[in-house]
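This report goes through a structural model, from loop geometry to overall dimensions and the contact between chains.

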Amino acid sequence: MNGLVLGSILALAGIGLSLVYGILKLANFAHGDFVTLGAFLAFLFAVVLGGSLEAFGLTVGGGLIALLVVDMFWLHRLVWGERLLLVALGAPLAVVAAVLSLSGRGGSGTTDLMLVEAALLSVVASIGVALAFERLVWRPIRRKKGTVLTLVIVSIGVSLVLRNAIQIAFGTGNRSFERPTTVSPNVLGVQISTAQQAAFVATALIIVGAHLFLARTRTGKAMRAMADNLELARISGVDVDREVTHVWVLAAGLTAVTGVFLTLVANNVMNINMGVGLILPLFAAVILGGIGSPYGAVAGGFLVGIATKTASLWIGSRYEVAAALAVLIAMLLVRPQGLFGGRAA
Amino acid sequence: MKLPGPALKALAGGKALASLGISLVRLPLKVFEGREGREWRTVVITVVAVFAAMAALGGYGAVSAGAVYNFLIGLALTMCIFSLLGLGLQLQFGHAGILNLGLIAFAGLAAYGMGIVWRHAGVGLAASIQANAGLQAAVLGCIAITAAAFSTPIAGLLVQRLRPRASTRFKRVAVVAAAVAAGAIAVLLFLPLDQNRSRDAVMLLGMLVGIGAAVGLAFLFAIPAIRLREDYLAIVTLGAAELLESFYRNEIWLTGGTEGILNLHNPISERALSNGAWQGFVDALDPNLKAVGLAQLLVAALLLFYFYVLFEALIRSPWGRVLRAIREDDAVAGALGKNVNRFRLQALVLGSMAVAVAGILIALRTSTIFPGTYERALTFSTWVALVVGGVSNNKGVVAGAAIVLVALPELARNLRALESLGIQNIVGPGQGLAAGLMLILVMMYRPHGLVGRKEELLFGR
């Protein structure tokens, strides 16, 4: 069961990493730090600023207005289909809110509603950060035709910047959503916390949402086309820069959600290393599923998650990372294009 | 007019003296001529500027001149050690194009190899060496072979430089003689094998074990490195380094866990403190100067010089040209009959040796080994130093280390002043933030760094 939970977390973050890797040829070592960022931003909104719901409503409203302004002046021509993307990310969270509020109701601390709102805000803010990096760093480097090496090294720089900025803002110690601990209910004889259930359900919903988005909307189709063949997509009239922006929106939004859930399943505790520790299993999941294939990333995420937790029964949880590494190396040596016919890029 | 003989001779002699004088004056300037010279100039100016700034920083409110000197010596030691790390990375990445994000694993493994030997065998083994003549002979033989092995390449270079036209036979004899002499000197350094010397010997064995382990790891890394694309390799090496680090932390019986390995026997500081002549020399320079610090700096600088000369010679040799050809296009090099995998493996192993030595120096600096020292952060800092200094140019790593690993941390320390304003915990993260920004900006606006070579750039133009 732990494997499924880890798997759903890997799947969530893996979709974005896979798309970014496939489309931008960018092995993004900063992806884990975006997960951390998502968690800490949610902490900021929920615990630091979340004094009252009224103030909260105001920040939500302000965030949405800010987003619309960014829409108009920065992203240009954002059509409704794309705004739907943001809603698609938010809607499952609302469902989770319902699930959470039906199950364990807390007395003091962060309430479920606040948490969901904070998560939403965190999604918006993470997207803002990701777009800032896209605009200031990645796009200029793409224009200069940077090689794979450039991209990897710059992503390390981005990772350093994000990680240390988070440390300056929030410190190095553990932070918590300050939620009351609840007794985990039994499901089929296994103790599963509400957070785990929520993570699982939300992942399923988000994956379905992502599937619908990728399969049905124009933007989603363009993304998949770009992941398959960037030049061909460009010739077919895909506005690459704009679609890349959407990829970042999707990736950053999902990492923020991942960060919140990762915190919830870890007894509400977050720290600076939570996202970095995910990097290796994430890459293992993405490569297992085939780079550039979001469906592959989901499957790979669950496979790696289950493999890791199963392996930890034998080799102990201290060396969990070994399982992911073994999967990764085996895949790279045997079948680098991934299980599901992705591309060795 | 016909001058008398002696006068003519005197005139000729004077002329020769004058030209000698002129060339002596011009020699230092000549170093800075041409392309290499300009690169040296940039490096020297950078290092001097960094240390001048540090002297001003450390001199402000210092108690004595000696304290400032000690501070600067410590910084110079840092620079030498991290330049050595960078030199290894430069060979692996700058010249061979191997994207190694697990660099620190070599340093950590070497230090831990040494530390584990000392922790588990240390004092007891030293005692039995002291007591047992047969063991003594074996240990001295081992020392002699090590010294001979390490001196051979340099001896070869020296002979080639001084007597390029001599017969091969002469060169061989000269190199062997030099190696034997080096072995003999090394053995003399360890005689008589009293308590301290036999402990030195155990530490030396530990270092050999450590370097051997690092080289073994390089062979392991080579399995993916010779098959995989750059970005895959980056992921794999990063993961392997993480795994090793969790090994240091968790195998408490072997590595001491997070408490680390303390109280290593330290040959450098022990000798510096027990050697009267060295003490006297250091005292003569400045009574407040620390003999140990200066000795460590000397050792580190010599090792840096050793590896620099070695790697520079390698890079200029036909071997280096093949390596660069492979970096540019391994298919072409392969089609020309070069064994691509073998060259990559050799670069990986040689680079890992420099990194291993750096790791050992880091441990000897404080005579302790902690898992936190050999963390991903140090790999990343070395990468920043490499990129800032300039990829594909061995000189660059010194300048990069001076900026990123000397100046930046010291400047960041001054951020502590902000703590009175209520901003906590800013020193370390501030440094990391600055390093990250520096990396991004250099990659965007000056990808060849300070002295990197544009035409050898791996980042596209």
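## Loops, a buried helix and the chain interface

P192(B) sits in the loop that links α7 (168-190) to α8 (195-225) of chain B. The model is a predicted one. The peptide bond leading from L191(B) into P192(B) is cis, and its omega is near -10 degrees.

Two loop residues other than glycine have a positive phi, K25(A) and S392(B). The table sets out their values.

| Residue | Phi | Relative accessibility |
|---|---|---|
| K25(A) | near 60 degrees | 31% |
| S392(B) | near 75 degrees | 1% |

K25(A) belongs to the loop between α1 (2-24) and α2 (31-48) of chain A. S392(B) is placed in the loop between α17 (376-389) and α18 (396-413) of chain B. K25(A) counts as partly exposed because its relative accessibility is 31%, a value between the limits of 20% and 50%. S392(B), at 1%, is buried, since the limit for burial is under 20%.

Helix α11 of chain A, residues 279-289, has eleven of its eleven residues buried, and it is therefore largely enclosed by the rest of the structure. Among these buried residues are I279(A), L280(A), L282(A), F283(A), V286(A), I287(A) and L288(A). The buried set also includes P281(A) and G289(A). Just after α11(A) comes G290(A), with a positive phi of about 100 degrees.

Chain B as a whole contains 19 helices and zero strands. Its C-alpha trace spans about 90 × 60 × 60 Å along the principal axes. The radius of gyration of chain B is 24 Å, which agrees with the value near 23 Å that a compact globule of 461 residues would have. Of those 461 residues, 51% count as buried. Taking contacts in chain B between residues at least 6 apart in sequence, 78% join residues at least 24 apart.

The exposed area of chain B is about 21100 Å², with 68% supplied by carbon and sulfur atoms. Chain B carries 38 positive and 23 negative charges, and the mean positions of the two sets lie 14 Å apart.

At the interface, 43 residues of chain B are in contact with 48 residues of chain A. About 3800 Å² is buried between chain B and chain A, and carbon and sulfur atoms give 76% of this area. Y232(B), I235(B) and M444(B) together supply 17% of the area that chain B buries against chain A, more than any other three residues.

Terms used
Residues are numbered from 1 along each chain as its sequence is written. Chains are lettered from A and ligands numbered from 1 in the order in which they are written. This is a predicted model: local features need pLDDT of at least 70, side-chain atom pairs count only at pLDDT 80 or more; totals for chains, interfaces and linings use all residues. Side-chain values use heavy atoms; hydrogens and water are left out. Helices (H or I, at least four residues) and strands (E, at least two) are DSSP runs, numbered from the N terminus. The radius of gyration is taken over C-alpha atoms; the globule rule is 2.2 Å times the number of residues to the power 0.38. Buried means under 20% relative accessible area, exposed over 50%, partly exposed in between (1.4 Å probe, protein chains only). Contact means heavy atoms within 4.5 Å. Accessible areas come from the Shrake-Rupley method with a 1.4 Å probe; for residues, only the protein chains shown count as cover. Lys and Arg count as positive and Asp and Glu as negative; His and the chain ends are not counted. The place of a charge is taken as NZ of Lys, CZ of Arg, CG of Asp or CD of Glu. Buried area is the accessible area (1.4 Å probe) that two parts lose on being put together, summed over both.
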